[in-house]
Amino acid sequence: MIEWTASPFFGVALSVLAFWIGVRLQKRTGLVICNPLLVGILLVIAVLAALKIPYENYRQGGDLINLFLSPATACLAVAIYSKIQILKKNWLPVLVGCTVGSLTSMGSVWVLCRLFGLEEALTASLLPKSVTTPIAVSVAEAHGGISSITVVAVILTGIFGSMVAPLLIRLFRVKDPVTAGLAIGACSHAMGTSKALELGETEGAMSGLAIGVCGLITVVLSMFLL
Amino acid sequence: MKILCQVGVIFGVCWVSQILESLLPFAFPASVIGMLVLFLLLITRLLRVEHIQEKSDFLLANMAFFFLPAGVSILNYLEELRSAAVALVVICLTTTVLVFGATALSIRLTLRLMGRGKGHD
């Protein structure tokens, strides 16, 4: 029976089903912790473990889904382009905010990794964790990090960021939608952006913009700093 | 056919970006090159948003889903993670709050220096 799972269709179908259950669960409960991505990942892992299905079998379908990450990132250009008027008006705050955000992220991660005494490979895996997955993974790999650990850190950061975003907006008394969107995107990339879109259209677009700009700045910074 | 063309355009951009990535003398992710190329095509009006609207909406709306297999691959790194799990969680949580605060405050300061802060913030 296990050999039936050695098909790309299995991995894709299982992933969609798990994600769908996650979406339903979040709608039903309204809890942020029931993040569809988190629930989906845990469900797939649970199914693989319970039925002793080899990871390699799941991977045939997983690789197909991975293929879409790059086009999805590229399409952020469309989201940014549709808000080009706001970008033109706010290019300086966008640039300053994203630079400060990226520097803070890499700096604070570096300091904390030192404090915890983590090894170099782990530090390299965590440094780009505030930017969107495809960028974070390529930055980590280019500097000797372990890509799966980067993915875990990025997702953990994203889930946490989207959970606490409304709280942080109140904590830092942010009333300007542009500021709120940029800050959400800078600290919690695409997963935060999905939350920002719920808060408002401007917040969503600015958050999407921050993903791209912070991603670029992080790539450039990592070339000089690492 | 409409959607098929959109898939072709977007995947074509991604393919060109991969080639550009391999030609560049330094490490720069293909997905970001793709974003820049697409943005350039849109700004120069060589490509209109209508040409890729539906496919792009599909990709953006389902962004989270595409990360699922990447997350599942944690399975292969449970050993490495076990020793650093606490550090990992603490680092992710602390820095997220720090980055949000630093970004928000720096933008507020910039807006204020530009003389626009009062009305907005």
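The radius of gyration used here is taken over C-alpha atoms, and the rule for a globule is 2.2 Å times the number of residues to the power 0.38. Select chain B: a compact globule of its 121 residues would come out near 14 Å, but chain B has 20 Å.

Before going on, a word on the model. It is predicted, so local features need pLDDT of at least 70 and side-chain atom pairs count only at pLDDT 80 or more, while totals for chains, interfaces and linings use all residues. Residues are numbered from 1 along each chain as its sequence is written, with chains lettered from A and ligands numbered from 1 in the order in which they are written.

**Stop one: chain B alone**

Switch to cartoon view. Chain B has seven helices and zero strands, counting DSSP runs numbered from the N terminus (helices are H or I, at least four residues; strands are E, at least two). Turn chain B around and its C-alpha trace spans about 55 × 50 × 35 Å along the principal axes. Buried residues make up 40% of the chain; buried means 20 or more other C-beta atoms within 10 Å of the residue's own, with C-beta atoms placed from the backbone.

**Stop two: where the chains meet**

Now show chain A as well. Here 65 residues of chain B are in contact with 81 residues of chain A, a contact being two C-beta atoms, placed from the backbone, within 7 Å. Which helix of chain B should you select for the largest share of its side? Pick helix 6 (78-113), which brings 26 residues. Helix 1 (2-23) and helix 2 (30-43) are among the others that supply at least two residues each. Colour this side of chain B by class and you get 48 nonpolar, 14 polar and three charged residues. Nonpolar covers Ala, Val, Leu, Ile, Met, Phe, Trp, Tyr, Cys and Pro; charged is Asp, Glu, Lys and Arg; the others, Gly among them, are polar.

**Stop three: the core**

Zoom in on A77(A), which touches M35(B), L38(B), F39(B) and L42(B), leaving aside residues up to four places away in sequence. A77(A) also ranks with C75(A) and L68(B) among the residues with the most contacts inside the largest nonpolar core, a set of 106 residues. Such a core joins buried Ala, Val, Leu, Ile, Met, Phe, Trp, Tyr and Cys residues through C-beta atoms within 7 Å. Finish by selecting helix 10 (residues 147-171) of chain A, the source of this core's largest share, 13 residues.

Technical notes:
A residue is buried if 20 or more other C-beta atoms lie within 10 Å of its own, exposed if 12 or fewer, and partly exposed in between; C-beta atoms are placed from the backbone.
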